[in-house]
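Me: Could you take a close look at one part of this model for me, the charged side chains and their partners? I'd like to know how they sit against the solvent, and then how they fit into the rest of the fold.

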Amino acid sequence: PHSLFERKGDNIHCTIPITITEASLGARVQVPTVEGTATMVVPPGTSSGQVFRLKEMGVPHLKGGGRGDEYVTVKVVVPQNLDERSQQLLREFARLNPMDPRRDLKV
């Protein structure tokens, strides 16, 4: 067992935190791999739980050349203890971008 990585066959899985700004606007983030770090592009509009594949960044194949992949799940981390100005900005953002993500939920 590893605190960050989970191995499934030759593939490696991990979860990394990203900010709401990185998820909304897109970013290039450093991602841990079994051999160091790699740069991963987070496209604009990324949702928490989205999975990205880093090709051939997993474990080497036992029976020949090549490697598995690394699958990175992103977790959007919401800021805590916002100051008054940040709260105002978020309220303004909500006003300018009305959205109901639960609109299509049926009970």
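Reply: Happy to. Let's start with Glu-84, which is partly exposed, with a relative accessible area of 47%. Please keep in mind throughout that this is a predicted model. The partner of Glu-84 is Arg-91: the two form a salt bridge in which the closest N and O atoms are 3.1 Å apart. Arg-91 also comes out at 47% relative accessibility, so this arginine counts as partly exposed. Helix 2 spans residues 84-96.

Just ahead of that helix, have a look at Asn-81, which belongs to the loop between strand 6 and helix 2. Although Asn-81 is not a glycine, its phi is positive, at about 55°. With a relative accessible area of 79%, over the 50% cut-off, Asn-81 is therefore exposed.

Back to the charges. In general, side chains of opposite charge can pair when their charged atoms come close. Across the whole structure, a search turns up six salt bridges. One of them joins Glu-35 and Arg-67, whose side chains meet at 3.1 Å, N to O. Distant parts of the chain are linked by this pair: Glu-35 is in the loop between strand 3 (27-33) and strand 4 (36-42), while Arg-67 is in the loop between strand 5 (51-54) and strand 6 (70-77), 32 residues apart. The two ends of the bridge fall into separate accessibility classes: Glu-35 is exposed, at a relative accessible area of 63%, whereas Arg-67 is partly exposed, at 22%. Another salt bridge brings together the side chains of Arg-103 and Asp-104, at 3.5 Å, N to O. Both Arg-103 and Asp-104 are exposed.

Now for a charge without a partner. Glu-70 is found in strand 6. Glu-70 is buried and yet has no salt bridge; the nearest side chain of opposite charge is that of Arg-67, 8.1 Å away. A salt bridge needs a side-chain nitrogen within 4 Å of a carboxyl oxygen, so Glu-70 and Arg-67 do not qualify at 8.1 Å. Instead, Arg-67 has its salt bridge with Glu-35.

What surrounds Glu-70, once its neighbours within four places in sequence are set aside? Its contacts include Phe-5, Ile-12 and Cys-14, as well as Val-31, Pro-32, Thr-33 and Val-34. Also among them are Phe-52, Arg-53 and Leu-54, together with Met-57 and Gly-58.

Thr-33 deserves a closer look in this company. Thr-33 has its place in strand 3. At 8% relative accessibility, Thr-33 counts as buried, because the cut-off is under 20%. Beyond its neighbours within four places in sequence, Thr-33 is in contact with Phe-5, Ala-38, Met-57 and Glu-70. Phe-5 and Met-57 appear in the contacts of Glu-70 as well.

The loop between strand 5 and strand 6, home of Arg-67, holds two further residues to point out. Glu-56 lies in this loop, and its phi is positive, about 55°, although Glu-56 is not a glycine. At 44% relative accessibility, Glu-56 counts as partly exposed. Leu-62 is found in the same loop between strand 5 and strand 6. At 78% relative accessibility, Leu-62 counts as exposed. From Leu-62 to Ile-20 the separation is 42 residues in sequence and 39 Å in space, C-alpha to C-alpha.

Finally, let's step back to the whole chain. Its secondary structure comes to two helices and six strands, arranged from the N terminus on as β-β-α-β-β-β-β-α. The radius of gyration is 18 Å, where a compact globule of 107 residues would have one near 13 Å. Along the principal axes, the C-alpha atoms fill a box of roughly 55 × 35 × 25 Å. Of the 107 residues, 22% count as buried, and the chain exposes about 8000 Å², with carbon and sulfur atoms supplying 55% of that area. Of the contacts with a separation of 6 or more, 44% come from residues 24 or more positions apart. As for the charges overall, the chain has 14 positive and 12 negative ones, and their mean positions are 4 Å apart.

Methods:
Residues are numbered from 1 along each chain as its sequence is written. This is a predicted model: local features need pLDDT of at least 70, side-chain atom pairs count only at pLDDT 80 or more; totals for chains, interfaces and linings use all residues. Side-chain values use heavy atoms; hydrogens and water are left out. Helices (H or I, at least four residues) and strands (E, at least two) are DSSP runs, numbered from the N terminus. The radius of gyration is taken over C-alpha atoms; the globule rule is 2.2 Å times the number of residues to the power 0.38. Buried means under 20% relative accessible area, exposed over 50%, partly exposed in between (1.4 Å probe, protein chains only). Contact means heavy atoms within 4.5 Å. Accessible areas come from the Shrake-Rupley method with a 1.4 Å probe; for residues, only the protein chains shown count as cover. Lys and Arg count as positive and Asp and Glu as negative; His and the chain ends are not counted. The place of a charge is taken as NZ of Lys, CZ of Arg, CG of Asp or CD of Glu.
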